[in-house]
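Please open the structure in a viewer and keep the sequence panel at hand. The tour proceeds by selection, one stop at a time.

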Amino acid sequence: MDKKLKFAVIGKPIGHSKSPEIHQDFANQFDVKIEFRKDEVTPETLETWLSDFFKDGGKGVSITLPLKEAALNYADEISDQARLASACNVIYAKDEKIFADCTDGFGLIKDLEENLKVSLEDKKILILGAGGAARGIIPSILERNPSKLKIANRTESKAFSLKKDLGIEVNFRKKNLTFEAGGLSDDFLLSGSYDLIINSTSVSTKAGESIGLPKALFSGTKLAYDLFYSVENTVFMQEALAGGAQKVSDGWGMLVEQGAESFRLWTNLIPDTSRLLEKPID
Ligand code: NAP
């Protein structure tokens, strides 16, 4: 490819995003020349920004908070994953159309199964949080046939609506799945044990803040996974280890893998993620 491909990541705040570095690493593997912008865009400026970007020959955009839902309005085609999530983390131009997709679920499953060697089949899984990230990952988790999935969220009603929306779509009853939703009370959390506990709340974005989970929650847990990525262990990861979780991980691997899938959607090229997985960008 001789032409410089135009990509971008947009959202607010955007300064912290590692997308330009991740995609530059992928492009270097194929000798593809790219220009990768990092622009602060709000829901109010989204329409104009996207229209200008694609008119200018832009190819693909990574979408972050707070634009993940709003960006769906500008797509001609919405993938099943993005529809189930009611949000997208990537949009791109192809065949004169704009496509929206959600690669978060793909990224998480790839990180769990291939990088961390954790199978989800017949496992008992607890998801903390019921925001955009939970919506993005739950359809992919359900496809892996866990035996139990429990969603616990601070605002209980959001966990119930998430279960309702996704439960109907994936027809989970056929898979002999126990699927529960509730709040963050000790009674609900401790009414079972979990092989895998995933923190999809945004609590780790605030350094030092704790969800206030009961210590006994992590007894018997094989992996406690925080979607947030951080060089130091997050408070959630520290509490999981103190509570007896066998292993912890942050979401760096998911971030790299969802980026690799976005890069594939944009270019049809599948990048090797191993170098970035070994050496996270500070
Ligand atoms: P979001 O839509 O704003 O949802 C935030 C969730 O966190 C809600 O369920 C909220 O509960 C809960 N929450 C916030 N503060 C809390 C607290 N103090 N105690 C308990 N629960 C709390 O955010 P999101 O898009 O889902 O993102 C969540 C996290 O995932 C972020 O850390 C983000 O960086 C990470 N993420 C990582 C990747 C990756 O590739 N690694 C991809 C996507 C997202 P309420 O409903 O009660 O407000």
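The stops below begin with the ligand and end with backbone geometry in three loops. Please bear in mind throughout that this is a predicted model.

**Stop 1: the ligand and its site**

Select the ligand and display the protein surface. The space that the ligand takes is the largest pocket. Next, colour domain 1, which comprises 5-103 + 253-272, and domain 2, which comprises 105-251. Where does the ligand lie with respect to domain 1 and domain 2? Both domains give residues to the shell around the ligand, so the ligand lies between them.

**Stop 2: the shell**

Expand the selection to the residues that surround the ligand; there are 27 of them. The closest are Ala133, Asn153, Thr155, Lys158 and Leu227. Colouring the shell by class gives ten nonpolar, eleven polar and six charged residues.

Now show the helices as ribbons and select α5 (132-143) and α9 (252-267); each supplies at least two residues of the shell. Which helix gives the most to the shell around the ligand? That helix is α9, with three residues.

**Stop 3: backbone contacts to the ligand**

Show the backbone atoms of Ser202, Leu227 and Gly251 together with the ligand. At Leu227, a backbone N or O atom lies 2.8 Å from a nitrogen atom of the ligand. Leu227 is also one of the closest residues of the shell. At Ser202, a polar backbone atom is 3.0 Å from an oxygen atom of the ligand. At Gly251, a polar backbone atom is 3.0 Å from a nitrogen atom of the ligand. On its own the ligand has 930 Å² of accessible area, and the protein covers 83% of this.

**Stop 4: two cis peptide bonds**

Leave the ligand and turn to the backbone. Most peptide bonds are trans, and most residues other than glycine have a negative phi. The next selections depart from these patterns.

Select Lys12 and Pro13: the peptide bond from Lys12 to Pro13 is cis, with omega near 0°. Pro13 is found in the loop between β1 (5-11) and α1 (19-30).

Then select Leu65 and Pro66, which are joined by a cis peptide bond with an omega of about 5°. Pro66 belongs to the loop between β3 (60-63) and β4 (77-78).

**Stop 5: a positive phi**

Finally, select Asp31, in the loop between α1 and β2 (34-40). Is the phi of Asp31 positive or negative? Asp31 is not a glycine, yet its phi is positive, at about 60°.

How values were computed
Residues numbered from 1 in each chain as written. Predicted model: local features only at pLDDT ≥ 70, side-chain atom pairs only at ≥ 80, totals over all residues. Heavy atoms only, no water. Near = heavy atom within 4 Å. Polar contact = N/O pair within 3.5 Å; in protein donor to acceptor, adjacent residues only side chain to side chain. Areas by Shrake-Rupley, 256 points an atom, 1.4 Å probe, with all protein chains shown as cover. 1 Å grid on protein atoms, 1.4 Å probe; cavity = no way out; pocket = protein on both sides within 12 Å on 5 of 7 lines; lining within 4 Å. Sits in = over half its atoms within 2 Å of the grid points. Helix = DSSP H or I, 4+ residues; strand = E, 2+ residues; numbered from the N terminus. Nonpolar A, V, L, I, M, F, W, Y, C, P; charged D, E, K, R; others polar. Domains from an automatic or database assignment.
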